[in-house]
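Ready for a bit of practice with strands and helices? Grab the structure below and work through the exercises one step at a time.

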Amino acid sequence: MLRGPLGEAGFSPKFSGHETFPFRYGWLPKYVAYVRTQGDSSNSNNSLSDAMVRLGVGKNMVSSMRYWALATGICEPDSANGVKVSELGKWLLDDQGDRRKGGLDPYLEYPATMWVLHWRLAGLASPDFDKRRSTTWFWAFNHFSATAFTRDSMLSELEALSRDQGWSLKSSATLRRDIDCFVRCYAASRNARGEMIEDTLECPLSELSLIRPAPGGRAFEFALGDKPSLPDSVFAFAVAEYVACLKSGAAVSLDALTYDVGSPGRVFRLGENGVADRLSRIEEASLGLFAWVDTAGVRQIQQTDQRVSPIGILKQAYRDRGASRHAA
């Protein structure tokens, strides 16, 4: 039985919407600014035409920008099928973060931001977060058991899963395009000579090195182990969102945080030792929200201060030198 949101009765997957484009560095800030100043009711032809002019891109790219803003939780659905900037979007990319009056990271200059976006795509984030928009991302990091894979092997696994779950698929071609977009988000494409294609380096998630080309062929592999560019505060932010989804009391075990569907350990590919190492520092990283207990065979976190919010923890990541600006 498939555990987690993808296994829930009535779950309807989504394998399209990005128009095959991985998101680029300028897209989310530009789209947030557009929504804040102009609003977005994208079911309107007039709104779509206005967006094309103001964003300076074609119809397909407008749709893709909207998809990624919703899939990462930077924006959220509004009434009348429109879009509004979410709380996360306001703090990160708008003016509520109050860093140069443009949010905590309005230009996507910090590794912390890329980890947050990855977490929102693939993790068990806020309780009401819709995982349908990033079905392949969530499945790949939480259910796909292979360490190394090809696009074809991933396609076979997703087709089998869809049959088992009774999901309705338009075509294998749609699924193949979705998988291709997933891979290109994290691993730069190469030409026939094995050289990286410059256009594929534009997705911020490629900086995370979570997926890399496997030696000697067309395969890829997930990178396991510690992630030096992942700030403890972002890890603690993910833990806080994950624990809020569980609704299972004040204590959560190391095993759950490492291995369960949607957990930070799975999504960040840290392994048990990596998760335990970060949990040993979580009291400081979470601003006192959690305490780490490692006594008499019990290894778990306990929630100790419910006044601390996940967004409050996230702000700490941008005061931490671990969120330092990436090299220009």
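**Exercise 1.** How many bridges join strand 7 to strand 8?

Before you start: this is a predicted model, where local features need pLDDT of at least 70, side-chain atom pairs count only at pLDDT 80 or more, and totals for chains, interfaces and linings use all residues. Residues are numbered from 1 along each chain as its sequence is written, and side-chain values use heavy atoms, with hydrogens and water left out.

*Solution.* Strands here are DSSP runs of E with at least two residues, and helices are runs of H or I with at least four, numbered from the N terminus. Two strands pair if DSSP finds at least two bridges between them. Strand 8 covers residues 298-303, and 6 bridges tie strand 7 to it in an antiparallel run. One bridge partnership is Thr295 with Val298 in strand 8.

**Exercise 2.** Work out the order of the open sheet that holds these strands.

*Solution.* The order is 6-8-7, with antiparallel pairing. Strand 6 (251-253) and strand 7 (290-295) are the edge strands, as each pairs on one side only.

**Exercise 3.** Describe how helix 7 and helix 8 pack.

*Solution.* First, the angle: helix 7 (residues 151-165) meets helix 8 (residues 172-186) at about 125°, and their axes are 10 Å apart. Axes are lines fitted to C-alpha atoms over the stretch in contact, and angles run from 0 to 180 degrees between N-to-C directions. So helix 7 is oblique to helix 8 (under 35 degrees is roughly parallel, over 145 roughly antiparallel, 65 to 115 roughly perpendicular, and the rest oblique).
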